[in-house]
Amino acid sequence: MSAALAVADSKEGSSAVAAESVLPPSHALLGIAPTFSSDGLRQVLQTDVGISEYISRDVPPISGIIKQRFTDFLVFEVNQDHQVIHLKSLDMPESSSKKGKGNNEGSSSTAVAETSMAQPQEPVTNAESNTTEELSASTEAKDKDDSTPADTLWNDQFTEKLTPYLSEASIDQLKTMFLEGREPPRVTDSGWGGRLTKTTEDGTEIPDAVKPSEEVDALQSDDTGTRGRNRGGRGDRGGRGGRGGRGRGRGGRQGGEREDHRKVLSEPISSKTDRTSLHQVVRELFGGKLDSETDMSTPAGDDGSRIVIKWSRHGGGRGGGRGGRGGRGDRSDRGNHPPYIHFILQKTNRDTQDALGYLSRTLHVNIKDLAVAGTKDKRGVTVQRVSLRRGNKTVEDVWKSANQSNRRSVQEILSQRGDRGVRIADFNYRKAGLELGMLKGNAFVITLRNVQVENVETLDRAMNSIKHKGFINYYGMQRFGTAAVPTHSIGLAILKSDWHKAVSLILQNRPGEHPEVVAARNAWLVDGNLDRALALMPRRVVAERCILESYKKQGGETRNAMGALSTIPRNLRLMYVHAYQSYVWNAIVSERIRIHGPDKAVPGDLVFESEPATKGRSGENDEMEVDDDAGNEEQVTTEGKGMSSRERKKASKAAYVAPSIKILTEADAHQYSIFDVIMPLPGRDVDYPGGTLGERYREFLRLDGLDPDNFIRKQKEYTLNGSYRKILQIPKDLSWSTLRYTDPDVPLAQADEDKLLGFDPPIVADDGKFLALQINLTLGTAAYATMALREVTKTETSSHFQTGLTQASEDQQFRGVAAGLGDVAELDDDNTEMGVSNTLDS
């Protein structure tokens, strides 16, 4: 299809979407009219996503502005040992010089271990230790395989098992590719990667002057990591200590290899069973060295989809440098340390995925090698742990790359804020990476500005209300994005398999976006210029870029909307679907509070018969699961390739056991409190409330075109298992105090990085003209701090509303009166681009 026709389709789709409300049909059941701004633009408010009720309606509201400055919203992750995570040292770490076969887990240097590593590390359980030992044994076996002579690597068994699925020519091509080894044959010496190695006898590094610039590396590569990664082909920097240009080793594409375009493409395979069997055969025969995935470069035809086979980015490969030979002199042996590096990330006004994307480019690693325990709010300063599957990198390498030591001095690094609002610190080696859910919650320091309250007694009354009565455990506005096109509307289109509508909603123009994003959208939607749209679209606008890049690969063809959606990172695609679940949950909980009040359990309510013993779909974790059965072809081949064998093994063993749910009756309702009451998120394997509330639940789903009793989808990753979530939350460690200030640009709380840089502490003016309320509290992983604040302020928490409050606030006329009292600069506020913000408070 030509670009002109593609744009015509896009325009037609956009016009169709514009003609009808982007909100789900069930919005009519909320009983509210759509809201428009003074210039006629559609605005999504709390009430549009089911947030309408309060616990303490009898307490007067306390007017205040949320998140006026980024430092007004500080978030600190709480790990599984209930320890609050903070940055402790910005200094460069040093790997332990201890030689031998020890794992050196948790070590980086004596200094770091005693200072920046003072935060106790999470213990590795026996199960994890055993798994790691098994993985190590598997790695050693792979290393032995990698050193096997080429003529013994391929035997008749390979040909026999592949024959049912591949043609003779394809098998010959696959054999040739495999025997060539993981790195492609050298064709020309035009790149630095083919130069001879220069290594001193004591293992000293080559001076930076002769190294290729990291800036050039970044320009020549994308997020996935390609050429020049970590310069592993240069002598003493070879993977696993390999010397000379042979240092490819176990570091995946992080070892300085050339870009590999080799692949083997099957003929179209119509049977899904046959495609799945081929994936399985490839895994069994090549032990993870080769990857297989569905070919997305061309649309699937009537004959079926093609399977593409290529060398794994994470596989061992033949010819890897052998351990120890590059670790001479004072340089520590990279192979003696555990396979993961953990560090602490502080980010300012960046959502988690955006920060990880920036780190992947800065560290020259695949973004799939980075993992977190939970996503954090964008608008604020947040601190959390990150794990990196390190390949052949050391903690020193990571620190230098993250701080761009090739163009900044140590003095500059230790006296200036991190680039792009990102700073990482406190490094240590660990046996295992982080996984979603590996946290207990988050601690918050929240400052409300320009507080208007009748008296101190009213303020204390409001705070004591949430301390003892809690707040409604709504999913906050972050869940639904901050744009005119909410994420739950996209999620509903996906659940209905309306792929073209989902794509149209994602690509649709949004009022108030950053000009460069608007220009990029219009380049495609108006002008049909796909190349220009991609050139203009910022990297941070992930979903839109993925769809446009998919169109580019298909020559401008737009018919395969499902395929284009599948190129969006899986966690982001599922965020859309989860947003719809959250919308329905909010709406039904509001109905429950409106009908029965917030004080006690009543007949028809749901409770756990016994509290779930393990993490899962109990509602205590905000990670709502979808069906990840091994039979799912796409999950096995596309998502599985980014998982370690330990993760695959754990996922395959994690059999879900549904919690035992009780529907309360007149006879036993008095035995439970309101804090025991739970509400299901829509999906299979869940019970709905009894009585009229259960019928209302089903009415919402039916009106949106969904079957309440069938959430199984042909695309199994969109099969919703459902979940349970407690309807009320009580914060822990709640305390509050009042402060006076005059200049709204002066911070009233300080981020960890600024403390370590020695910046002036917050300035509190006892005679200040305005009142601020500072709140300290800790919440579990499933709770939103903005919803706790909402209970106090009784105010709209959407970003555009809070931005309006800031602009109209009386304190804005005093901006800058305290200039020169300290370094109070922040990143440029991007209120104008508060688009789809797929981030959570947990």
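Let me start with one residue, Lys 600, which lies in the loop between α18 and β14 (606-608). Before going further: this is a predicted model.

Is Lys 600 buried or exposed? Its relative accessibility is 55%, and anything over 50% is called exposed, so Lys 600 counts as exposed. It still has partners. Leaving out residues up to four places away in sequence, Lys 600 touches Arg 592, Asp 605 and Ile 674. There is also a pairing across the sequence: Lys 600 and Ala 669 are 69 residues apart along the chain, and their C-alpha atoms are 8.7 Å apart in space.

Now the whole protein. It has 842 residues, and 56% of them are buried. The secondary structure amounts to 24 helices and 20 strands. The protein exposes about 35000 Å², and carbon and sulfur atoms supply 50% of that area. If you take the contacts between residues at least 6 apart in sequence, 81% of them join residues at least 24 apart.

Next, helix packing. The helix to find on your screen is α12, residues 487-495. I will go through two of its neighbours.

The first neighbour to look at is α13, residues 499-507. The axes of α12 and α13 are 7 Å apart, and the angle between them is about 160°. Angles over 145 degrees count as roughly antiparallel, and therefore α12 and α13 are described that way. The crossing of α12 past α13 is left-handed. Which residues make the contact? On the α12 side they are Ser 489, Ile 490, Ala 493 and Ile 494; on the α13 side, Trp 499, Lys 501, Ala 502, Leu 505 and Ile 506. Sorted by class, that contact has 7 nonpolar residues, 1 polar and 1 charged.

When you read a list like that, keep one point about helices in mind. An α-helix has 3.6 residues a turn, so residues three or four places apart point the same way.

The other neighbour is α18, residues 570-596. Here the axes come within 7 Å and cross at roughly 105°. That makes α12 roughly perpendicular to α18. From α12, the contact uses Thr 487, His 488, Ile 490, Gly 491, Leu 492, Ile 494 and Leu 495. From α18, it uses Arg 573, Tyr 576, Val 577, Ala 579, Tyr 580 and Tyr 583. The residues of this contact divide into 9 nonpolar, 3 polar and 1 charged. Ile 490 and Ile 494 appear in the contact with α13, and they appear in the contact with α18 too.

Two more places to look at. How many of the 8 residues of helix α9 (residues 395-402) are buried? The number is 7, so α9 is largely enclosed by the rest of the structure. The buried ones are Val 395, Glu 396, Asp 397, Val 398, Trp 399, Ser 401 and Ala 402. After α9 comes Gln 404, which has a positive phi, near 50°.

Gln 404 leads to the last residue, Tyr 358. Apart from neighbours within four places in sequence, Tyr 358 is in contact with Gln 404, Asp 419, Arg 420 and Val 422. Tyr 358 sits in helix α8, residues 352-363. Its relative accessibility is 9%, and the cut-off for buried is under 20%, so Tyr 358 counts as buried. Finally, Tyr 358 and Arg 540 are 182 residues apart along the chain, with 9.0 Å between their C-alpha atoms.

Definitions and conventions
Residues are numbered from 1 along each chain as its sequence is written. This is a predicted model: local features need pLDDT of at least 70, side-chain atom pairs count only at pLDDT 80 or more; totals for chains, interfaces and linings use all residues. Side-chain values use heavy atoms; hydrogens and water are left out. Axes are lines fitted to C-alpha atoms, for helices over the stretch in contact, and angles run from 0 to 180 degrees between N-to-C directions. Helices (H or I, at least four residues) and strands (E, at least two) are DSSP runs, numbered from the N terminus. Angles under 35 degrees count as roughly parallel, over 145 as roughly antiparallel, 65 to 115 as roughly perpendicular and the rest as oblique. A crossing is left-handed if the near helix is turned anticlockwise from the far one by less than a right angle, and right-handed if clockwise. Contact means heavy atoms within 4.5 Å. Ala, Val, Leu, Ile, Met, Phe, Trp, Tyr, Cys and Pro count as nonpolar, Asp, Glu, Lys and Arg as charged, and the others, Gly among them, as polar. Buried means under 20% relative accessible area, exposed over 50%, partly exposed in between (1.4 Å probe, protein chains only). Accessible areas come from the Shrake-Rupley method with a 1.4 Å probe; for residues, only the protein chains shown count as cover.
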